[in-house]
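Colleague: Could you take me through one part of this model with care, namely the surroundings of the ligand, and then place that part within the rest of the chain?

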Amino acid sequence: MITITSYIDAVHRSQLMGLWEAVFGYDTAHNSPGLAIDKKLALADGLLFVALIDGCVVGSVMAGYDGHRGWLYSVAVDAAQQKQGLGSALVRHAEAALAERGCMKVNLQVRTGNEAVTAFYESLGYRVEPRVSMGKLIPDNF
Ligand SMILES: CC(C)(COP(=O)(O)OP(=O)(O)OC[C@H]1O[C@@H](n2cnc3c(N)ncnc32)[C@H](O)[C@@H]1OP(=O)(O)O)[C@@H](O)C(=O)NCCC(=O)NCCS
């Protein structure tokens, strides 16, 4: 049976880290799964969710709300469970949580090279917007 639920560190941590390593791979320290989980939990905003099949983590979505925009991160489904609607269910679950908090617009970023995934988000109502994404690391916080 599939359920989508809030992440519980003591129960889901190792499986979620395994999912992210398998689905994303990581080449930058600030994206390392353990660090990302710890920093998200420190916020205690209740916006990290996992999909479970028989208690095993097979999907994830991390959302963020800063009072202006909602953001989606780490949308992932285990390869063996893809194309069955689970990714869509995770995105909708996160959207509902953001809407509850007053969010008016949800944004997300797609990495260069992964543009094919825009079809997935378009099926959920997202549109590619004419923006240039910029970022800057803050090394003191690693
Ligand atoms: C993107 C991802 C989460 C989708 O999960 P999923 O459970 O397969 O998605 P769904 O079954 O809900 O798919 C919904 C629709 O999007 C389409 N779709 C799903 N993944 C797609 C992809 N990678 N590229 C293009 N279309 C995709 C499906 O065909 C489906 O369309 P349909 O209903 O007409 O058949 C999953 O493919 C994944 O984990 N990919 C690797 C990680 C990743 O790229 N995450 C996004 C980072 S921005």
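**The shell around the ligand**

Modeller: In this predicted model, 18 residues lie around the ligand, and those that come nearest are Gln 82, Gly 87, Ser 88, Ala 119 and Phe 120. Strand 4 (70-77), helix 3 (86-100) and helix 4 (118-122) each contribute at least two residues to this shell, whose composition is 10 nonpolar, 7 polar and 1 charged.

Turning to the chain that holds this shell, one finds 4 helices and 5 strands, which follow one another from the N terminus in the order β-α-α-β-β-β-α-β-α. The radius of gyration of the chain is 15 Å, close to the 14 Å that the globule rule gives for 142 residues, so the chain is as compact as a globular protein of that length. Of these 142 residues, 21% count as buried, and among contacts with a separation of 6 or more, 57% are between residues 24 or more positions apart.

The largest nonpolar core comprises 24 residues, and those with the most contacts inside it are Leu 16, Phe 49, Val 61, Ala 63, Leu 72, Leu 90 and Ala 94. Two or more residues of this core come from each of helix 1 (9-23), strand 2 (48-53), strand 3 (56-65), strand 4 and helix 3, with strand 3 giving the most, 5 residues. Strand 4 and helix 3 thus appear both in the shell around the ligand and in this core. Leaving aside residues up to four places away in sequence, Val 61 touches Phe 49, Leu 72, Ser 74, Val 75, Leu 90, Val 91, His 93 and Ala 94.

Technical notes:
Residues numbered from 1 in each chain as written. Predicted model: local features only at pLDDT ≥ 70, side-chain atom pairs only at ≥ 80, totals over all residues. Near = placed C-beta within 6 Å. Nonpolar A, V, L, I, M, F, W, Y, C, P; charged D, E, K, R; others polar. Rg over C-alpha atoms; globule rule 2.2 N^0.38 Å. Buried ≥ 20, exposed ≤ 12 C-beta atoms within 10 Å, placed from the backbone. Contact = placed C-beta atoms within 7 Å. Core = buried A, V, L, I, M, F, W, Y, C linked by C-beta atoms within 7 Å.
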